[in-house]
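This report follows a two-chain model from single residues up to the contact between the chains. Please keep the sequence and the coordinates at hand while reading.

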Amino acid sequence: MVDEGALLFTDNDWTFERIAVVTERIAEIAEAELALDTYPNQLEVITAEQMLDAYASTGLPMYYPHWSFGKQRAIETGQYRRGEMGLAYELVINSNPCISYLMEENTMVMQTLVIAHAAFGHNAFFKNNSFFQQWTDAEGILDYLEFGKSYIAHCEEKYGIDSVSDVIDAAHALSRNAIDRARRPQKLSTREEERKRRERVEFIEQHLSEIWRTVPGAADAAMAPQEDRFPREPQENLVYFIEKNAPTLATWKREILRIVRKIAQYLYPQGQTKIMNEGFACFVHYHVMHSLHDKGLINDGALLEFYASHTAVTFQPDFDSRRYGGINPYTLGFAIFQDIKRICLNPTPEDREWFAFAGDPDWLKQIHFAMREFRDESFVLQYLSPKVMRDLHLFALANDPKEEAFKVTAVHDDQGYHYLRSALARQIAESARSPDIEVVAVNRWGDRHLHLKKMDAYPLDQAEAKRTLDHVARLWGYDVHLDAGDVIMIARAKAGAS
Amino acid sequence: MSVIIDRRNLGTRSSANQDRLQRRVRGRVKAAVEKLARQRSLGDMLDTEQPIAIPTKDLHEPSFRRDMRDAAWEQVLPGNKEFRRGDRLPKPQGGDSGDGGDDEGAGASDGLGDDEIAIVLSADEFLSVLFEGLELPNLRQTRTEDIQLDQWRRAGFVKDGSPSRMHIGRTMRTARARRMALRSRKKGELEALLQQAETLEEEIRTRHGHGEDTSIERFRLDEIREEIKALERKIKAIPFIDESDLRFAHMDQQPRPVTSAVIFCVMDVSGSMGDLEKDLAKRFFLLLYLFIHRQYRSVEIVFIKHHGEAMECTEQEFFGAKEGGGTLVSPALELVEDIMEERFPAEHWNIYLAQASDGDNAQDDNRYVQERALALLPRLRNMFYLEVNQDQESALSRLYKAIAQEFPDLMTARARRTEDIYPLFRALFTPKKGLAHG
């Protein structure tokens with residue numbers, strides 16, 4: 001359909017014109033061949049230094065300043081300068097418009113790859129995956145980040161950088177326990193946010209005086225009604241609970257907790273869909289690059305360069321390799337998405353046994369369904385096929401502390417497939433989850449201590465827990481008890497801290 | 001629809017984070033900078049960016065984590081080669097191979113060791129930490145840059161003025177001086193009278209014992225007692241503050257900004273100064289030079305080197321100086337005085353004098369040094385004397401210390417080793433709280 005002179009580029013230098021043309025072509029392919037529904041794209045060309053900045057703040061285009069981001073940047077700058085770490089070619093933000101960063105060092109082939117991967121692959125995933133749809137608000141995030149940043153700047157000015165930093169330190173320590181896993185969050189909007197902030201201030205004051213109506217004292221403890229349990233049910237979102245119920249926390253500190261909590265919640269789905277998100281983006285770039293080549297828009301050299309990067313990104317070192325650092329989400333995700341297409345187009349008898357959709361000629365519908373309706377855990381449980389397990393040579397290894405040796409519990413054979421698949425799904429779910437620590441009670445009538453309880457079976461790192469509890473106590477303003485299963489830890493509130 | 005934006009010229013946005021990181025570890029950074037300042041030559045340090053290793057434990061971010069070391073776990077791994085179900089693999093020594101579920105925090109190695117990160121200070125940040133909190137003592141400061149040439153400025157003290165301009169420090173000081181002066185003469189007289197009274201009483205007692213007449217003596221004693229009473233009254237009546245004590249900050253229209261300051265660097269380059277002594281002196285002056293240049297844009301520096309005679313020189317000649325010969329300190333002070341009178345009149349300039357020497361001055365010169373120093377000191381904001389030698393404190397140093405009893409703005413210090421210089425420098429330029437500024 002396109003003649004020989006149609007190559008989009010022959011030499012490998014990028015220009016803004018070429019990027020514009022390439023983006024247009026990819027958009028055509030994405031729509032016509034992959035039926036991708038995306039947010040409008042905003043491509044930003046940045047330097048390596050700016051990429052390091054973006055890294056340091058978990059990719060967000062703006063963030064309130066905090067020393068931990070400086071620390072992160074110092075670590076990554078060091079690694080980058082010593083050549084231990086290559087920068088990712090791309091970084092993309094779940095926002096509307098969807099912002100993708102293109103590094104200026106990239107070749108034109110790399111820019112093409114990045115645009116296909118990020119601006120169309122990730123972009124479509126952000127917009128269509130139901131988990132993202134429910135949990136994040138691409139429309140509001142940039143505004144909200146702006147609000148958070150300026151609010152915290154305002155606090156720094158008013159209360160001093162160090163006192164603000166103390167609150168953020170504490171909030172960050174708990175940011176992995178700042179998620180309502182079961183509840184769908186509300187949409188964000190800056191103007192709304194500011195108006196609501198004022199309402200909250202008033203509400204909290206009323207609400208608090210309601211909870212803490214009593215003056216604490218020894219005499220009162222006896223009068224405490226037995227059935228008056230607060231909270232009525234255990235609360236998993238520690239930050240939310242403290243923000244709403246800490247007896248003496250200053251209003252601005254509550255607001256900072258809220259900002260940290262909202263951002264943690266915005267980032268939450270990314271940790272839950274890493275395999276799918278990267279897998280899908282790889283699937284898209286793989287299709288797009290081949291399609292560009294098929295149409296004569298890029299030459300063989302460009303395709304070979306693409307292969308080199310693609311294989312590097314989707315390389316899975318073996319467990320006994322020194323380069324092994326866990327299962328590569330790019331590899332696993334890409335392998336499964338490619339496999340879904342294969343199962344539709346070239347099913348084997350084994351596939352027909354395992355998957356009801358095997359042989360469905362509408363592979364794109366299956367891909368879209370998989371991309372929309374799952375998160376990593378359920379995705380693996382649903383789609384990890386024996387073929388992919390064989391290709392990756394997966395096996396399961398168990399540790400029993402009482403035993404002398406590890407035990408191989410399953411390998412990639414007929415007896416092992418089901419076992420492996422659910423073991424991997426469980427492993428993914430656990431690694432994405434922080435220890436389940438919940439608020440079980442508040443001593444309303446006595447010394448006001450906060451009672452936390454570890455709800456899952458895994459042992460806690462006690463040194464870490466102790467230091468984290470100190471942060472909790474600082475925010476709560478009174479003692480905090482943590483029932484960690486085999487041990488009860490207590491953090492004392494420092495006098496005068498609030 | 002896609003939009004393409006060039007963000008490259010926006011620069012990095014990490015400075016706020018970097019700034020907060022440095023705040024967070026400022027104690028460490030400060031200690032590291034001071035250590036560098038004590039050991040390395042300053043010139044070297046300013047050429048490159050300074051990486052400072054900070055232990056990450058200082059920057060630890062706790063959170064609730066699992067500890068899978070002694071827990072049961074199961075992991076799915078890629079790359080099986082020969083294992084079959086039920087195979088047993090020996091556990092590696094040390095125990096904690098698997099990280100179970102929690103795959104974060106396995107900090108990649110980064111050259112400094114896993115437990116350190118590097119904070120890179122620019123030369124400017126380095127100096128800012130190095131000189132943090134230091135200032136030229138007694139400097140009368142105004143905002144310099146945007147001030148017009150003809151403007152009302154503080155210009156010394158006068159005996160009358162509006163009450164709002166009354167200078168308490170100066171006033172109290174004059175009052176004290178007056179009280180002391182008046183009292184001391186009267187106290188002398190009182191002393192003499194008491195003496196007389198005592199002698200008379202003695203006389204009376206003796207005569208009384210001998211049965212002689214004492215009426216004349218009694219009469220005289222009464223007289224003296226009257227006088228004593230009167231004197232005591234007078235001493236008591238010396239007013240705590242007299243109108244004549246009042247001093248007012250004077251405002252005057254002056255063509256020069258008051259913050260103009262000049263610092264005279266006087267270095268002994270005589271033969272008695274060994275390599276180490278010269279190095280110590282130069283280190284001190286280099287710190288001073290950097291400090292002045294960084295914190296005070298409008299401060300001028302006059303370099304004077306001396307052995308038997310003194311000459312003004314350029315900064316290159318000063319820091320490169322290698323000379324010899326005998327030592328006379330007084331010519332250097334004379335030269336300072338000359339240059340002052342010629343170019344830096346004390347009423348327009350904050351004048352500082354920093355002198356470094358091994359103190360090995362010709363014996364009879366110290367008398368002139370004293371004269372010159374006493375003449376200079378009232379016109380100086382401060383004078384710093386740094387003695388650099390290995391042995392005994394010199395006569396010159398003792399002389400300065402004696403003068404410092406009267407003029408606390410003369411500060412002396414001794415350095416024996418390279419490491420002494422920076423702490424000593426800090427001590428000299430750390431503002432002393434509560435010191436009445438003249």
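A:His285 is buried, because 27 other C-beta atoms lie within 10 Å of its own, and the cut-off for that class is 20 or more. In this predicted model, the residue belongs to helix H12 of chain A, which comprises residues 274–294. Leaving aside residues up to four places away in sequence, A:His285 touches A:Leu113, A:Ala116, A:His117 and A:Gly121. A further pair, A:His285 and A:Leu303, is 18 residues apart in sequence and 12 Å apart in space, taken from C-alpha to C-alpha.

The chain around this residue has 20 helices and nine strands. Of the 498 residues of chain A, 46% count as buried. If one takes the contacts in chain A between residues at least 6 apart in sequence, 71% of them join residues at least 24 apart.

Helix H7 of chain A, residues 161–173, allows a simple check of geometry: its 13 residues, at 1.5 Å a residue, should span 18 Å, and this agrees with the 18 Å that separate its end C-alpha atoms. Which residues of H7(A) are buried? They are A:Val164, A:Val167, A:Ile168, A:Ala170, A:Ala171 and A:Ala173. The buried residues of H7(A) pack against four helices of chain A, namely H6 (141–159), H10 (238–245), H11 (251–272) and H20 (462–476).

Several loops of chain A hold backbone angles that deserve a closer look. Most residues other than glycine have a negative phi, and most peptide bonds are trans. The peptide bond from A:Asn96 to A:Pro97, however, is cis, with omega near 0 degrees, and A:Pro97 lies in the loop between strand E2 (90–93) and strand E3 (98–103) of chain A. Positive phi values occur at A:His393, at A:Arg448 and at A:Gly485, and the table sets out these values with the loops in which the residues lie.

| Residue | Phi | Loop in chain A |
|---|---|---|
| A:His393 | near 55 degrees | between helix H18 (386–392) and strand E4 (395–399) |
| A:Arg448 | about 65 degrees | between strand E6 (437–442) and strand E7 (450–454) |
| A:Gly485 | near 90 degrees | between E8 and E9 |

A:His393 counts as partly exposed because it has 17 C-beta neighbours inside 10 Å. A:Arg448 counts as partly exposed with 19 such neighbours inside 10 Å, and A:Gly485 is partly exposed with 14 other C-beta atoms within 10 Å.

The setting of A:Gly485 can be described further. Strand E8 (residues 480–483) and strand E9 (residues 488–491) of chain A run antiparallel and are joined by four bridges, with A:His481 standing opposite A:Ile490 in E9(A). The hairpin of E8(A) and E9(A) has four residues between the strands. A:Gly485 is 25 residues from A:Leu460 in sequence, and 9.1 Å separate the two in space, C-alpha to C-alpha.

Chain B is divided into domain 1 (14–59 + 110–130), domain 2 (165–249) and domain 3 (257–429). The centres of domain 2 and domain 3 of chain B, taken over C-alpha atoms, are separated by 46 Å. Helix H12 of chain B, residues 418–429, has B:Ile421, B:Tyr422, B:Phe425 and B:Phe429 as its buried residues. Why do they lie on the same side of H12(B)? They cover an arc of only 85 degrees around the axis, which puts them on the same side of H12(B). In an α-helix, with 3.6 residues a turn, residues three or four places apart point the same way. The buried residues of H12(B) pack against helix H2 (26–39), helix H7 (275–295) and strand E13 (410–415) of chain B.

What remains is the contact between the two chains, to which chain A gives 82 residues and chain B gives 56 residues. Helix H3 of chain A, residues 67–81, supplies the largest share of the side of chain A that touches chain B, with ten residues. By class, that side of chain A has 40 nonpolar, 25 polar and 17 charged residues. Strand pairing also crosses between the chains: strand E5 (residues 405–411) of chain A and strand E4 (residues 88–90) of chain B run antiparallel and are joined by three bridges. In this pairing, A:Phe406 stands opposite B:Leu89 in E4(B).

Terms used. Residues are numbered from 1 along each chain as its sequence is written. Chains are lettered from A and ligands numbered from 1 in the order in which they are written. This is a predicted model: local features need pLDDT of at least 70, side-chain atom pairs count only at pLDDT 80 or more; totals for chains, interfaces and linings use all residues. Helices (H or I, at least four residues) and strands (E, at least two) are DSSP runs, numbered from the N terminus. The expected span of a helix is 1.5 Å times one less than its number of residues. A residue is buried if 20 or more other C-beta atoms lie within 10 Å of its own, exposed if 12 or fewer, and partly exposed in between; C-beta atoms are placed from the backbone. Two residues are in contact if their C-beta atoms, placed from the backbone, lie within 7 Å. Domain bounds come from an automatic or database domain assignment. Ala, Val, Leu, Ile, Met, Phe, Trp, Tyr, Cys and Pro count as nonpolar, Asp, Glu, Lys and Arg as charged, and the others, Gly among them, as polar. Two strands pair if DSSP finds at least two bridges between them. The arc is that of the directions from the helix axis to the C-beta atoms.
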